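This report goes through selected features of the structure shown below. Please keep the model open while reading.

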Amino acid sequence: MDTIQVSKSMRPMTGAQAVAEAMRQINPDVVAMYPITPQTPIIETFAKIVADGRASTEIIRVESEHSAMSATVGAAAAGARAMTATAANGLALMDEIVYIAASMRLPIVMPIANRALSGPINIHCDHSDTMNVRDSGWIQIYSETAQEAYEQMFLALKLAEHKDVLLPAMVCQDGFVTSHGVENVKIHDDETMKKFIGEYKPEYALLDVDNPVTYGPLQLQDYYFETKKQQVDAMKNAKRIFLEIGKELSQITGHDYGYFEKYEMDDAEAVLIAMNSTAGNIKAVVDKMRKEGKKVGMMKLRLFRPFPYEEIAEALKDVPVVGVFDRAESFGARPPLYGEIRNALFDLDKKPDMQSFVFGLGGRDIFSHQIEDAFNMLLDGKMTDETKYIGCRGC
Amino acid sequence: MPFNLKEVYKWPKRFMPGGRTCAGCAIPVVARTVLAATKDPVVASNATGCMEVTSTIYPFTTWNMPWIHNAFENAAATISGVETAFRSLKAQGKIPKDKEIKFVAFGGDGGTYDIGLQSLSGALERGHNFVYVCYDNEGYMNTGNQRSSATPYGAATTTSPAGKVKQGKEEWRKDLVKIASAHNIPYAAQAAVHNLADLYMKAEKAFSVKGPAFITVLSPCTTLWKYPPHLTMQYSKLAVETRFWPLFEIEEGKVKVNYKPSKDVPVTEFLKGQGRFRHLFKPENSDMLKRIQQHVDEAWERLLKMDGI
C-alpha cells in the first residue's frame with residue numbers, strides 16, 4: 001500500500017487556523033476580537049487556544065471593529081503586544097483608527113482575510129478591503145498560502161517592532177480560498193519562533209507611570225507635517241529591514257521572503273503579476289504553458305506597502321509584456337496594483353508593454369483557461385489601453 | 001477621606017496649569033477634582049473635544065500623567081485596551097502583583113452621549129475596571145455649539161437655532177446616568193462642577209469600586225451658553241438649586257439623591273441670562289417655559305420616588 005510521508009510537524013489546517021497558530025506562538029499580551037466572515041475562524045481558533053491555556057493572552061471581546069482597533073491601540077500604547085484581526089467592512093469601520101495606529105507608531109499586527117467591501121454586501125474574496133487602507137501607513141504583506149500567512153505573521157511582527165520602523169502591519173490572505181481552504185502547514189518549533197521574535201520592550205508605555213507620556217496630542221500647521229514625514233521615513237526603513245528580517249526567518253523556515261517571488265521569469269516573454277492565492281493558480285498555468293513551449297512567467301508580489309518600485313523595475317526590465325492581475329477596482333482610475341506597477345516601470349528606458357486585468361471581484365472564481373487566455377493575449381501582442389474584466393458578464 | 005479643598009490640591013499634580021481653555025471654563029476644575037480623588041497612579045484616555053484640544057498642543061501637554069487621545073468616539077474602548085494590558089502584564093508577572101493603577105476616560109457630552117455611546121456601552125458591559133467621566137456642557141462646544149443629545153429642550157444651538165418658526169431644540173435631553181446604570185455597573189452618578197465636595201466624593205467612590213463607574217458632571221460653558229465667564233459656578237449651582245440638574249448617585253442599583261434644595265427655585269432662574277435660552281423669554285414662548293418647569297418637576301418627583309422618598 002502506498003503511503004504519503006508527512007513530516008510530524010506538518011498538519012492539515014486552514015489559513016485561518018495557521019494564523020491563529022502563529023498567534024499562539026507569539027502569545028500576544030492582548031487580543032481584541034470581533035467576528036466578521038471570513039476572518040472569524042482566526043479569532044475562534046485563537047479563543048479556543050486561550051481557553052485551553054495554550055496562550056496567556058487577555059482577550060477583549062469588543063462590540064465592533066472600531067472598538068477592536070481602538071482597544072488594540074490602547075493596549076499597544078499601554079506597552080503590550082497587541083493584535084486584532086478583521087476583513088472587509090470591519091476594516092472599513094476601523095479605518096479611522098487604522099490611520100491613528102500608524103501615526104502613533106504602534107507595532108500592531110493584524111491578520112486579514114481579504115473580502116469584498118460592501119456594497120452590494122458580499123462575503124467572498126477580493127482585495128478591495130486592504131486596498132482601501134493602502135495609504136493608511138500600515139505595512140501590507142500578502143500571502144499565497146496558509147504556510148506563507150503563518151510564517152509572515154512572524155516577519156510582520158519583528159518588522160513592526162523594529163526600532164527603526166515602529167509601524168503597524170497587516171498580513172493578508174485570501175478570504176475563504178486561503179482562510180478556509182485546508183493545506184498541509186508546517187508549524188515551526190515553539191521555542192525557535194519565540195526566540196526569533198524576542199521579548200517586546202516598548203520605549204514609551206502608558207503603564208510606565210513613573211515616566212508619563214502623552215499619546216495623540218493635537219498637532220496643527222506647525223508639527224503635523226513633520227510627523228507625517230517621519231512615517232514616510234519609517235516606511236523607507238521598513239522596506240530595507242523587511243529583507244534583513246526575511247533572511248533571518250529563511251534560516252528557520254527554508255523559505256524566501258523577497259519583496260516578490262519570480263516564477264519562471266528569466267526568459268519569459270510575458271509575465272503576469274498577482275498577489276495572494278491567485279499566484280498559485282497562475283503558477284499551475286505557467287507550468288502547463290511552459291510544457292507547451294510558451295515562455296511565460298509570473299511575479300507574485302509579497303510586499304505592497306512599502307512598495308518596491310526600483311526592484312520591480314529591475315526585475316521586469318527585460319520582459320516584453322507585463323499583465324497585472326488586480327482583485328480590486330479603483331473607480332474612475334486605473335486599478336491599484338496596475339497603477340503601482342506602471343509607476344514602477346516609468347523610469348525604464350525600454351518599458352514593457354502593459355495590460356491591466358481585473359478579476360475575481362466579490363469572490364468570482366478564476367479558472368486556469370482564463371489565466372491561459374490572458375497569457376495568450378499578452379503573447380499575441382493584443383494589449384489594449386483598457387482594463388480587461390475577466391469572467392465578468394457583458395465585459 | 002472627608003473633603004478638604006486645601007488638602008486635596010496638595011496631592012500629586014496631574015493636570016497642570018497652562019492649558020488653553022476659555023476663561024471661565026469648567027473643564028480644568030472637573031479634571032483636577034476627579035484626579036485628586038485617588039492617590040494611586042492614574043492613566044487617562046480622552047475623547048476628542050474641548051478638554052483634549054485645550055490640554056495638549058504638540059509639543060506641550062497639560063498632563064503630568066500617562067494620557068492618550070485616540071479619536072472622538074472611542075475613549076472608553078481605548079481605556080479598555082489600556083486596562084486589559086495592565087491585567088495581562090500583571091498576570092504574566094511583567095508588572096508587580098501589588099502594583100495599583102487607576103484608569104479614567106474623559107469625554108464631553110458629544111463624545112459620550114452621542115458618537116461614543118456604543119464604545120462606552122461596550123466597555124461598561126465588559127466590566128473593565130475604569131471610571132468614565134463625562135464633562136457635560138450640553139452641546140458640541142469644541143466645534144462651536146451644535147446640538148447633542150445632551151442639549152436641553154429649548155436651547156438654541158447652531159444646528160437647532162431659534163428662528164421665526166423654530167425655537168431651539170425640540171427634544172428633551174437623554175438621561176445618560178440611567179442608561180449607564182442599566183449596564184448594572186457598581187456606580188453611576190451625576191455631579192456638577194460647583195459642588196467640589198460632592199464631585200470629589202463621587203470620584204473617590206468611582207475609583208474605589210471594582211468594575212466600571214460612570215460620572216457625568218455638569219460643566220457650564222461660558223462661551224456658548226453665552227453668559228459672562230465669572231458666572232460658571234453660579235450657573236452650575238442654579239442648575240442644581242432649580243432641580244434642572246439633580247445631584248444623585250446609583251450605587252449597586254440603589255438611587256440616592258445627594259442634595260435636596262431647601263427652596264423651590266423656578267427653573268427660569270437657571271435659564272435667564274444665558275444667551276442660548278434668550279428666545280424662551282419672549283412672550284410668545286411662555287408655554288415653552290411652562291413645559292420646561294413641568295418637565296423638571298416631574299423628573300424630580302420620579303427621582304425622589306426612585307430614592308424611596
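The text below covers a strand and a helix of chain B, then salt bridges, cysteines and the interface.

The model is predicted, so to speak of local features a pLDDT of at least 70 is needed, side-chain atom pairs count only at pLDDT 80 or more, and totals for chains, interfaces and linings use all residues. Residues are numbered from 1 along each chain as its sequence is written, chains are lettered from A and ligands numbered from 1 in the order in which they are written, and side-chain values use heavy atoms, with hydrogens and water left out.

## Strand 8 and helix 2 of chain B

Helices (H or I, at least four residues) and strands (E, at least two) are DSSP runs, numbered from the N terminus. A residue is called buried under 20% relative accessible area, exposed over 50%, and partly exposed in between (1.4 Å probe, protein chains only).

Strand 8 of chain B spans residues 213-218; six of its six residues are buried, so the strand is largely enclosed by the rest of the structure. Its two faces are both covered, with Ala213(B), Ile215(B) and Val217(B) buried on one side and Phe214(B), Thr216(B) and Leu218(B) buried on the other.

Which strands pair with strand 8 of chain B? Strand 6 (residues 131-136) of chain B does so in the parallel sense over six bridges, and Val133(B) stands opposite Ile215(B). Strand 7 (residues 187-192) of chain B also pairs with strand 8 in the parallel sense over six bridges, and here Ala191(B) stands opposite Val217(B). Pairing requires that DSSP finds at least two bridges between the two strands.

Strand 7, helix 8 (residues 196-208) and strand 8 of chain B form a right-handed β-α-β unit. Right-handed means that, with the strands pointing away from the viewer, the path from the first strand over the helix to the second runs clockwise.

Helix 2 (residues 27-35) of chain B is mostly covered, seven of its nine residues being buried. Among them are Ile27(B), Val30(B), Val34(B) and Leu35(B). The elements covering the buried residues of helix 2 include strand 6, helix 8 and strand 8 of chain B, where contact means heavy atoms within 4.5 Å.

## Salt bridges

Side chains of opposite charge can pair when their charged atoms come close. A salt bridge here is a side-chain nitrogen of Lys or Arg within 4 Å of a carboxyl oxygen of Asp or Glu. Over all chains, the structure holds 45 salt bridges. Four of the pairs are listed here.

| Acidic residue | Basic residue | N to O distance |
|---|---|---|
| Asp174(A) | Arg327(A) | 4.0 Å |
| Glu292(A) | Lys288(A) | 3.1 Å |
| Glu138(B) | Arg276(B) | 2.8 Å |
| Asp29(A) | Lys94(B) | 3.1 Å |

The salt bridge of Asp174(A) and Arg327(A) links distant parts of the chain: Asp174(A) is in strand 7 (residues 169-174) of chain A and Arg327(A) in the loop between strand 14 and helix 12 of chain A, 153 residues apart. Asp174(A) counts as buried, at 0% relative accessibility, and Arg327(A) is buried at 6%.

Lys288(A) and Glu292(A) are partly exposed, with values of 39% and 44%, respectively.

In the salt bridge of Glu138(B) with Arg276(B), Glu138(B) lies in the loop between strand 6 and helix 7 of chain B and Arg276(B) in the loop between helix 11 and helix 12 of chain B, so the pair ties together parts that are 138 residues apart in sequence. Both Glu138(B) and Arg276(B) are buried.

A network of salt bridges links Glu144(A), Glu148(A), Glu261(A), Lys283(A), Lys300(A) and Arg302(A).

## Cysteines

With a disulfide taken as a pair of cysteine sulfur atoms within 2.5 Å, the count over all chains is one. Cys392(A) and Cys395(A) form a disulfide, with their sulfur atoms 2.5 Å apart. Cys392(A) is partly exposed at 36% relative accessibility, whereas Cys395(A) is exposed at 58%.

Cys172(A) is in no disulfide, and the nearest cysteine sulfur, that of Cys125(A), is 10 Å away. Cys172(A) is buried, at 0% relative accessibility. Cys221(B) is likewise in no disulfide; its nearest cysteine sulfur belongs to Cys22(B), 6.4 Å away. Cys221(B) is buried, with a relative accessible area of 12%.

## The interface between chains A and B

How many residues of each chain are in contact? The contact involves 43 residues of chain B and 37 residues of chain A. Together the two chains bury about 3,000 Å², 63% of it on carbon and sulfur atoms. Buried area is the accessible area (1.4 Å probe) that two parts lose on being put together, summed over both. Three salt bridges are counted between chain B and chain A. The pair of Asp29(A) and Lys94(B) joins side chains in a salt bridge at 3.1 Å, N to O.
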